[in-house]
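I opened my notebook to keep track of what I looked up, one topic at a time. Here are the entries.

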There are 2 protein chains.
Amino acid sequence: MARIKTDKNVSRKDVIVTKAAVLFREKGFKAASMRDLAEAVGVEAASLYNHIKSKTELLHELCFGVANRFMHKIDEIEAEPGTAIEKVERLLRFHINEMISHYEEVYVSDREWKHLADPYLSNFQNQRRIYRKRFAAIIENGIRNKEIKKIDAPTAVLIMLHAIGGIESWHRSTQKISAEALEDNMITILVGGLVNR
Amino acid sequence: MARIKTDKNVSRKDVIVTKAAVLFREKGFKAASMRDLAEAVGVEAASLYNHIKSKTELLHELCFGVANRFMHKIDEIEAEPGTAIEKVERLLRFHINEMISHYEEVYVSDREWKHLADPYLSNFQNQRRIYRKRFAAIIENGIRNKEIKKIDAPTAVLIMLHAIGGIESWHRSTQKISAEALEDNMITILVGGLVNR
DNA sequence: AAATCTTACTAACAAACGTTATCTTCGCTG
DNA sequence: CAGCGAAGATAACGTTTGTTAGTAAGATTT
C-alpha cells in the first residue's frame, strides 16, 4: 500500500489537484479519466475519493484558483497610479508570467471551464465577463486621453487575452526562446498595436 | 421513418458533418455523443453509420477541410506580389473571415484536433507546423527590409493566430459590433503591432 | 501496546459510450 | 407495379466511465 507522498504544507488533495491539471491539459477534462489520474498519482482510482468529492470538484478548484488570482491582480492594478498604457502592460505581463509559470492550471482554466456544472459555471462566466469589462475600461480610459488608438476596447481585450493563450505553443516548442525574450516580444507587439502615435 | 433532409448537392453525410461541427464546438469532441448528434440530425444513433465510418472520421473531415483551405490560401499569397505587411494583412483577413463565416468548423479544427488518432494526428500537426513556418518566413522577410519591427517571428505568428481565436468570444457576445468593424479593429491592432516606424 | 483516525485496496454498481448485426421500410428505376 | 438499393429502426454487444460500500493496513495518539 503505497501512500501519496507529500511535502510539508502540501496536502494529498493538493497533489491530486496538481496532477489533475497536467492530465486535463494533456487530454482535456472529459478524456482524462479518474483511472488515468489515479495512475499518475500512484494509487487506485477509488482511493482518490478519500480526498476529493468528485471529478468536477477538481475542475472547480483549478478554475477558481486561477480566476481569483487574476481578480486580485486587477484590483491591485486599478488602485495603483499610472497611465493606461502602463496598466495594460502590467496586466499583460502578469498574464504572461502566469501562463509561463502556472501553465497547466491557467491553460485548463482557459479551455476546460465549459465542463463546469451550474452553479459554478454561471459563476465562472460572470467573473470572466466582469474581468473583461474592467480590462476594457482601462483601455477606454487610454483612448479618452489619446494614449491609445481609437479602437473598439472589447475587441482589443479579446485580442490581448487570446494572444497570451498562444504561449501554449511556446511551451510545446522544442527551440524555445527564453521566457524573458518571449515576454518582451509579446509586450512589444501587443502594446505596440495599441499606442497612438 | 423520417429521412435526413437534403438539398441538392448536399449529401446526407455533409448534413451530419455540419451538425457535428456545431455539437463538437458546443460540448467538445469527447463530450458530444453520437446519440446527441443523432438527435440533432433527427435520426437514431445507429442510423448514422449508414453514412459515416466512425465518430473520429467526422473530426478528420472537419480538421482537414479547414487545414486544406488555409494551405491553399498561403500558397496563393506567397505567389502574389506585395510587401510583407500586405501579405500578413491578407493572411490575417482571410483568417478573420474564415473564423466569422465558417465559425464552427474552424473553431473545432483549432481546439479539438488533439483527439485525432494517428496517423491523422501526426499529419495534422505537421501541416500546422509547416503553415506556421511559412507564416513566420513572411514576417522574417518583412523584418529584413525593415518594414517590420525587430521581433521574434515565431512569437509574432503565435500571437496573430491565437488572437484570431478570440473571435469565438465575439460570436457569443450579445452586443456585437459588425463583422467589418471587427475585422478592421483586429487588423489595426495586430498589424499596428508589427509595423516599424 | 492499545486505540483511533487516516488512507489505501478490492469489488462492484449503474449509466453512458461507440459500434455492429439484423430486419423493415421508403423511394426510385425498369 | 415489381424489384432493388439506399436509409432507417430496433436490439444488443463489449468497454469504459464516475462513483460507492466494505474492509484491511498503516500512521498517530493515548
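**Entry 1: DNA strand C**

Which of the 22 residues around DNA strand C come nearest? I found Ile4(A), Glu44(A), Asn50(A), His51(A) and Tyr49(B). A residue counts as near a strand if one of its heavy atoms lies within 4 Å of it.

Before going on, I noted the ground rules. This is a predicted model, where local features need pLDDT of at least 70 and side-chain atom pairs count only at pLDDT 80 or more, while totals for chains, interfaces and linings use all residues. Residues are numbered from 1 along each chain as its sequence is written, chains are lettered from A and ligands numbered from 1 in the order in which they are written, and side-chain values use heavy atoms, with hydrogens and water left out.

Next I asked what part of the DNA faces the protein. Of the atoms of strand C within 4 Å of the protein, 63% belong to sugar or phosphate, and the rest belong to bases.

Then I looked up single atom pairs. My yardstick was the polar contact: a pair of N or O atoms within 3.5 Å; within protein, one must be able to donate a hydrogen and the other to accept it, and residues adjacent in sequence count only if both atoms are side-chain atoms. Asn50(A) has a polar side-chain atom 2.6 Å from a base nitrogen of strand C. From chain B, Arg35(B) puts a polar side-chain atom 3.0 Å from a base nitrogen of strand C. Tyr49(B) goes to the backbone of the DNA instead, with a polar side-chain atom 2.5 Å from a phosphate oxygen of strand C.

I also sorted the surface near strand C by class and got 10 nonpolar, five polar and seven charged residues. For this sorting, Ala, Val, Leu, Ile, Met, Phe, Trp, Tyr, Cys and Pro count as nonpolar, Asp, Glu, Lys and Arg as charged, and the others, Gly among them, as polar.

**Entry 2: DNA strand D**

Here 22 residues sit around the strand, and Tyr49(A), Lys55(A), Ile4(B), Asn50(B) and His51(B) come nearest. Sugar and phosphate make up 64% of the strand D atoms that come within 4 Å of the protein.

On the base side, I noted Arg35(A): an N or O atom in its side chain is 2.9 Å from a base nitrogen of strand D. On the phosphate side, Ser47(B) has a polar side-chain atom 2.9 Å from a phosphate oxygen of strand D. Ala32(A) uses a backbone N or O atom, which lies 3.5 Å from a phosphate oxygen of strand D.

**Entry 3: chain B against chain A**

I counted 39 residues of chain B in contact (heavy atoms within 4.5 Å) with 39 residues of chain A. The two chains bury about 3,000 Å² between them, 63% of it on carbon and sulfur atoms. Buried area is the accessible area (1.4 Å probe) that two parts lose on being put together, summed over both.

How many salt bridges are there between chain B and chain A? The count is zero, where a salt bridge is a side-chain nitrogen of Lys or Arg within 4 Å of a carboxyl oxygen of Asp or Glu. Polar contacts do turn up, in 14 residue pairs (both at pLDDT 80 or more). On the chain B side, α7(B) gives the most, with eight residues. I used DSSP runs for helices (H or I, at least four residues) and strands (E, at least two), numbered from the N terminus.

**Entry 4: inside chain A**

Chain A is divided into domain 1 (12–50) and domain 2 (55–192), with bounds from an automatic or database domain assignment. Their centres, taken over C-alpha atoms, are 26 Å apart. The two domains bury about 1,400 Å² between them, 72% of it on carbon and sulfur atoms. Phe24(A), Arg25(A) and Phe29(A) supply 49% of the area that domain 1 buries against domain 2, more than any other three residues.

I found three salt bridges between these domains. Lys13(A) and Glu57(A) meet in a salt bridge at 2.7 Å, N to O. I also wrote down the salt bridge of Glu104(A) and Arg25(A), at 2.3 Å, N to O. That pair links distant parts of the chain, with Glu104(A) in helix α5 (residues 103–111) and Arg25(A) in helix α1, 79 residues apart.
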